Every structure is written in C-alpha cells, then in structure tokens.
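Subject: Structure for you to look through, with notes

Dear colleague,

I am passing on a structure that I have been reading through, and the notes below say what was found in it. Please keep the view open beside this message as you read.

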Amino acid sequence: MKLAVRRRKIGTVPLLEVVKQEYLYTSLPLIVYYHGWQTTKELVLTQGRKLAQQDFRVILPDAQNHGEREAPLSSIPSLTFFQSIHSNLFEFESIVHYFEQLGLTNGKLGVGGVSMGGMTTCALLTQHPEIDAAASVMGSPSLMAYRQELERVFSEKEIAIPKDYEKLTSWIEDYDLSLQYSQIRKRPLFFWHGLHDEKIPFEQTDHFVRENLGPEITFHAANERHMVKGPTMDQVTEFFTTHL
C-alpha cells in the first residue's frame with residue numbers, strides 16, 4: 001500500500017505528515033511522534049511509516065533547534081535541551097488543532113517519541129487528558145530526576161551552571177509525570193528502555209514503572225544501549241494498533 005509523506009509547516013513548525021495515499025483526506029486517528037536530541041524528524045520516519053501502514057495519520061515535527069530549525073547549541077549546559085522540550089509542549093496543541101480544523105482526525109489522539117521525544121511525551125500526559133495513548137522510547141518519565149542527574153554530572157565534571165538553575169527550569173515540576181501520575185487519568189502507556197542506556201538512565205523509567213505498575217502500563221526492558229532498532233518500532237506500532 002503506497003504511503004504519502006507530505007511536508008507541511010504549521011506556523012514556524014516544519015513537520016512531516018505520513019499517511020496511506022488512499023486516506024489523504026480521510027478522518028483517521030492522529031499520532032504526533034517526536035524525535036530525539038540533536039536528531040531530526042526524518043530520523044523517526046521509519047517509525048512513522050510503520051504506524052501509517054496501520055491506518056494512522058502520523059505527524060513528525062522538528063523540535064526547536066533541530067532539523068529545519070537548527071540553531072547553534074547554547075554553551076550553557078542543558079539550556080538548549082530544556083528549551084527544545086518546552087517548545088514542543090507549547091506547540092503541541094496548535095499541531096493537533098490544525099489537523100482537527102481540516103477534518104483529518106477522528107478524535108483519537110496518540111503521542112510518542114524517542115529519547116527527548118519520549119520525555120516530551122511523558123510531559124504532555126500531565127496536562128492533556130485528550131491524549132488517548134502514549135509511547136515513550138528511552139525517555140525518562142521524571143524530568144526532575146533527569147535534571148538532578150544532569151546536575152550531578154555537571155558537578156563531577158566541574159561544569160558551571162547558573163546559580164538559579166533550578167528556578168530557571170522550575171516549569172518542569174508541573175510536567176514531571178512521576179509527580180503527577182496518581183492525579184491524572186490513566187491511559188495506555190508504553191515504555192521501552194535499554195538496560196545499558198548511557199544517556200538517559202534506565203533506572204528512572206524502571207523506578208516509575210515499579211511505583212505505578214498497573215494494567216495500563218506496558219514496559220519493555222531490553223539488553224540494549226541508547227539505540228532504537230526495528231523490533232522496538234514494531235512493538236510501538238503494535239501498542240498503538242491495540243490501544244488507539
């Protein structure tokens with residue numbers, strides 16, 4: 001079945017829309033899928049194609065400072081990283097609204113992402129009850145724990161950060177899924193994380209799952225590092241096919 005991959009721009013957000021050619025103008029479940037740190041929307045296109053083959057309309061945005069929006073990285077540690085997630089959160093509703101206005105969604109909404117995109121996904125769940133299912137691949141569900149890990153690394157390497165670093169990133173507390181999970185509506189939630197992840201600690205996802213494990217959570221712990229392979233993409237696709 002032939003797929004259409006269309007480039008769009010919503011405001012300042014460049015994105016790819018992936019959908020079966022025959023369903024270009026059909027109302028379908030919508031999945032917004034986010035790429036990782038210092039990558040691009042094109043690098044999650046394989047996942048987008050796998051999902052589109054299952055009759056989803058898949059939207060792959062470029063995060064701020066990435067891809068077509070690439071900009072020099074700030075010399076201040078983690079500033080560009082947290083700015084990129086923050087921008088994703090700001091832009092999410094406008095992306096969904098755009099496709100709703102065109103009549104191209106059927107009311108079902110999924111969100112997913114890899115690494116930084118998985119962290120974006122978890123953060124979005126804290127504020128958007130309209131999301132029906134979500135998948136985080138190698139992304140920490142605890143922004144606060146990840147910030148603490150960064151602070152530890154900076155201290156060990158004697159890298160200077162602003163003295164008010166925690167206040168400057170204080171917004172993340174309201175978007176930390178591990179802190180909000182007991183108070184929000186439970187929805188199907190998929191996690192995949194490599195046991196040997198050298199970039200985003202496996203322990204943060206593992207701790208969240210152990211604390212909150214319920215029938216809505218699917219967790220795959222793999223003997224891998226910070227890398228996504230085909231079988232993982234198939235698991236993500238199967239999850240959304242089942243739950244959305």
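To begin with a small puzzle, which residue stands opposite Ala-135 in E6? Gly-112 is the residue that stands opposite Ala-135, and before going further I should say that this is a predicted model.

**The sheet**

The pairing just mentioned belongs to E5 and E6, which run parallel and are joined by 5 bridges. These strands are part of an open sheet of 8 strands, whose order is E1-E2-E4-E3-E5-E6-E7-E8 and whose pairing is mixed. At the edges of the sheet stand strand E1 (3-10) and strand E8 (217-222), and because each has a single partner strand, one side of each is left without a neighbour in the sheet. From one strand to the next, the twist averages 15 degrees.

At the E1 edge, the partner is strand E2 (residues 13-20), which pairs with E1 in the antiparallel sense over 8 bridges. Within this pairing, Val-5 stands opposite Val-18 in E2.

Helices lie against the sheet as well. H2 packs on it and touches E1, E2, strand E3 (28-34), E4 and strand E5 (105-114), with a direction that makes about 155 degrees with that of E3. H8, for its part, lies across E3, E5, strand E6 (133-137), strand E7 (189-194) and E8, and runs at about 170 degrees to E6.

**Elements that are covered**

Is E6 enclosed or open to the outside? Since 5 of the 5 residues of E6 are buried, this strand is largely enclosed by the rest of the structure. It helps to recall that in a regular strand the side chains alternate between the two faces of the sheet. In E6 both faces are covered, with Ala-133, Ala-135 and Val-137 buried on one side and Ala-134 and Ser-136 buried on the other.

Helix H3 (residues 116-125) is also mostly covered, as 10 of its 10 residues are buried; among them are Met-116, Gly-117, Thr-120, Cys-122 and Leu-125. In helix H7 (residues 202-212), the buried residues are Phe-202, Gln-204, Thr-205, Asp-206, Phe-208 and Val-209, and they pack against H4, helix H6 (177-180), E7 and E8.

**Two buried residues with charged side chains**

It is worth pausing at Asp-62, whose place is in the loop between strand E4 (57-61) and H2. Asp-62 has a relative accessible area of 0%, and it counts as buried because that value is under the 20% cut-off. Leaving aside its neighbours within four places in sequence, Asp-62 is in contact with Val-13, Pro-14, His-35, Thr-40, Lys-41, Gly-67, Glu-68 and Arg-69.

The other residue is Arg-147, which sits in helix H4 and is likewise buried, with a relative accessible area of 6%. When residues up to four places away in sequence are not counted, Arg-147 touches Phe-82, Tyr-165, Glu-166, Thr-169, Ser-170 and Ile-172. The last of these, Ile-172, is 25 residues apart from Arg-147 along the chain, and the C-alpha atoms of the two are separated by 9.0 Å.

**The pockets**

Rolling a probe the size of a water molecule over the atoms shows where empty space is left. The largest pocket has a volume of about 840 Å³ and is lined by 36 residues, of which Gly-36, Trp-37, Ser-115, Lys-199 and His-226 lie nearest its centre. Helix H2 (79-101), helix H4 (143-156) and helix H8 (230-243) each supply at least two residues of this lining, and the largest share, 5 residues, comes from H4. By type, the lining of the largest pocket divides into 22 nonpolar, 11 polar and 3 charged residues.

How much space lies in the second largest pocket? The second largest pocket holds about 190 Å³, and its lining includes Ile-76, Phe-82, His-86, Tyr-165 and Trp-171. H2 and helix H5 (165-168) each supply at least two residues of that lining, with the largest share, 4 residues, coming from H2. The lining of the second largest pocket divides into 8 nonpolar and 4 polar residues, with no charged ones.

With best wishes

Technical notes. Residues are numbered from 1 along each chain as its sequence is written. This is a predicted model: local features need pLDDT of at least 70, side-chain atom pairs count only at pLDDT 80 or more; totals for chains, interfaces and linings use all residues. Side-chain values use heavy atoms; hydrogens and water are left out. On a 1 Å grid over the protein atoms alone, a cavity is a set of points where a 1.4 Å probe fits but cannot get out, and a pocket is an open set with protein on both sides within 12 Å along at least five of seven lines; lining residues have an atom within 4 Å of a point. Grid points are joined across faces, edges and corners, and a volume is the space filled by probe spheres set on the points. Ala, Val, Leu, Ile, Met, Phe, Trp, Tyr, Cys and Pro count as nonpolar, Asp, Glu, Lys and Arg as charged, and the others, Gly among them, as polar. Buried means under 20% relative accessible area, exposed over 50%, partly exposed in between (1.4 Å probe, protein chains only). Contact means heavy atoms within 4.5 Å. Two strands pair if DSSP finds at least two bridges between them. Axes are lines fitted to C-alpha atoms, for helices over the stretch in contact, and angles run from 0 to 180 degrees between N-to-C directions.
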